[in-house]
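User: Could you take a close look at one part of this model for me? I would like to go through its salt bridges with you.

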Amino acid sequence: MSCRKRQKTSPDKTSDDFFDSLPDDLVLSILCKLSSTATSPSDFISVLITCKRLNSLGLHSLVLSKASHKTFSVKAKNWCDSLHRFLKHCADAGNIEACYTLGMIRFYCLQNRGSGASLMAKAAMNSHAPALYSLAVIQFNGSGGTKNDKDLRAGVALCARAAFLGHIDALRELGHCLQDGYGVKLNVTEGRRFLVQANARELAAVLSAGNTKRPWLTWSHHPVTHPRLRSGCPLMSDYGCNVPAPDAHPASQFMSEWFDIRGGFPGPDMRLCSHSGCGRPETRRHEFRRCSVCGLVNYCSRACQALDWKFRHKAECATVERWLDDDGEGVAGENDGGGDDGDSSIV
């Protein structure tokens, strides 16, 4: 009996004892690698609930600062104070993806404009391309303020910085700005070059993804016309070629789900961007540009307008004589066509 009792309490005989003998630095290194390669929140959370030591080390600032953007792919229906605190903890640890995701959620969903913009600016100062582009969209639209708060020059400057970092939507937005002379001197040739570069990067992103489940390039006589059928890249389809479209950023997915739960409208007489992969809402009435042909769709940016036209709206757009609001009076958005501040659907 005494022999068995000594054997039971003898150190270095169980897996727990072996784990406890590992130095914290080694465990932190492993957890950093895990958080940086996580493909979903469950990959990271499953580690935190394993034991007290992993929970403590998993919430170390070094680990949280390395977490990938997919770690923050939270569902809007599961939003709660604990998720908010977790994102804030990651942002405080210096994770720029957390800064951007939480910034977008606060700015557009929770309507905490100042804090949201501050978090996005923090990510942008660390050369986070999506944050730079999102701030550019805010400047173009004067989001969170009035029409007079628009700053086209600042929007172009932020967009150019994001484009320099290779952000595809920023390249496309900058190309259309140059082609239209919107916030920058008109330069059609340079604008076209940026649009071609956006297409090239889009194709390169598909090739680097290494999708082996289906051919990355297929021939199609008819482009995809429904926003839910993500079987092809909208711009490449102009040439009869379909490539898989990239997934939306977790922040965009969250915003789409957040407002879908609330009936699809961010507020009275306000609408979402009609591009299915965006999720941005208006922060005031008639903030977004409308299609000047049908007036039925709204876009936060020229990039979203161009994508949705190629992807879906080209097959649906029909001319109407005028747009009517709920009271039967004619209404035009701030960025509608017919003036220097807007244009028609990009064909």
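Is Arg-172 buried or exposed, and what is its side chain paired with?

Analyst: Happy to help! This is a predicted model, in which local features need pLDDT of at least 70 and side-chain atom pairs count only at pLDDT 80 or more, while totals for chains, interfaces and linings use all residues. Residues are numbered from 1 along each chain as its sequence is written, and side-chain values use heavy atoms, with hydrogens and water left out.

Arg-172 is buried, at 1% relative accessibility (buried means under 20% relative accessible area, exposed over 50%, partly exposed in between, with a 1.4 Å probe and protein chains only). Its side chain meets that of Asp-169 in a salt bridge, 3.4 Å from N to O (a side-chain nitrogen of Lys or Arg within 4 Å of a carboxyl oxygen of Asp or Glu). Asp-169 is partly exposed at 27%. Both residues belong to helix 12 (residues 168-180), 3 residues apart, about one turn of the helix (helices are DSSP runs of H or I, at least four residues, numbered from the N terminus).

A similar spacing turns up in helix 13 (residues 188-209), where Arg-193 and Glu-190 are 3 residues apart. Their closest N and O atoms are 2.5 Å apart in a salt bridge. Arg-193 is partly exposed at 42%, and Glu-190 is partly exposed at 28%. Returning to your residue, salt bridges that share partners join Asp-169, Arg-172 and Glu-202 into one network.

For context, the whole structure holds 10 salt bridges.

Conventions: Helices (H or I, at least four residues) and strands (E, at least two) are DSSP runs, numbered from the N terminus.
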